[in-house]
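Here is a short report on a single protein chain. Please keep the sequence and the 3D view at hand while reading.

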Amino acid sequence: MAGRNRFKQPFDKRGGVLITSMFLLKSESYLSLIPQAKVLMMLLQMHWKADKPVDYGIREAAEKIPCDPKTASKAFKQLQERGFINCIDESLFSSRTQSKTRTWRLEWLPFKDCPPRNTWENLESKNKPTVGNMTAVGQLQR
């Protein structure tokens, strides 16, 4: 019985725990992100719930990272281009009615009873050179 508890991890459960796949963290898609985009991924994951998209905007990201709003915008763009997030609903600004921020699906996490899409993996494999391409490159260098 004592052997079971010996390997129990002492996670701090007061505020919750974020867990990210080592495969994702070691991927070229992740490693090539600017540092602000990596921080933004954690901030988005802190707001993640499996049953609804994450509401998160550029101003909030710029404040929490902290960085310039242009840098925060670049971080969102990189995460989208590399397949880590997908925009579900665009933002809306209205001085008469209530404004709303963009909503995002986090592609590395489950959403509405569906497993993670892991779109970032598909985009990464498309960018890797194939054996045929390497041969052609090798012939050009000769």
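Two strands count as paired if DSSP finds at least two bridges between them. With that in mind, W104 is the bridge partner of V54 in β3. The model discussed here is predicted.

**The sheet**

Three strands make up an open sheet. Their order is β1-β3-β2, and the pairing is antiparallel. β1 and β2 are the edge strands, each pairing on one side only. Helix α6, residues 69–81, packs on this sheet. The helix touches β2 and β3, and its direction makes about 105° with that of β2.

The two pairings of β3 are set out below.

| Strand | Partner strand | Sense | Bridges | One bridge pair |
|---|---|---|---|---|
| β1 (residues 54–55) | β3 (residues 103–106) | antiparallel | two | V54 with W104 |
| β2 (residues 85–89) | β3 (residues 103–106) | antiparallel | four | C87 with W104 |

W104 thus appears in both rows. In β3, W104 is the bridge partner of V54. W104 is also the bridge partner of C87.

Which way do the side chains of β3 point? T103 and R105 point one way from the strand. W104 and L106 point the other way. All four are buried.

**The largest pocket**

What is the volume of the largest pocket? The value is about 280 Å³. Of the 13 residues that line this pocket, the closest to its centre are G57, R59, S91, K100 and T101. Which helix gives the most to the lining? Helix α5, residues 58–64, does, with three residues. By residue class, the lining divides into five nonpolar, four polar and four charged.

**V39 in helix α4**

V39 is found in helix α4, which covers residues 35–46. Is V39 buried, exposed or partly exposed? Buried means under 20% relative accessible area and exposed means over 50%, with partly exposed in between. V39 has 29% relative accessibility, so V39 counts as partly exposed.

How far apart are V39 and A61? In sequence, the two are 22 residues apart. In space, their C-alpha atoms are 9.2 Å apart.

Technical notes: Residues numbered from 1 in each chain as written. Predicted model: local features only at pLDDT ≥ 70, side-chain atom pairs only at ≥ 80, totals over all residues. Heavy atoms only, no water. Buried < 20%, exposed > 50% of the residue type's maximum accessible area, 1.4 Å probe, protein only. 1 Å grid on protein atoms, 1.4 Å probe; cavity = no way out; pocket = protein on both sides within 12 Å on 5 of 7 lines; lining within 4 Å. Points joined across faces, edges and corners; volume = space filled by probe spheres on them. Nonpolar A, V, L, I, M, F, W, Y, C, P; charged D, E, K, R; others polar. Contact = heavy atoms within 4.5 Å. Axes fitted to C-alpha atoms, helices over the stretch in contact; angles between N-to-C directions.
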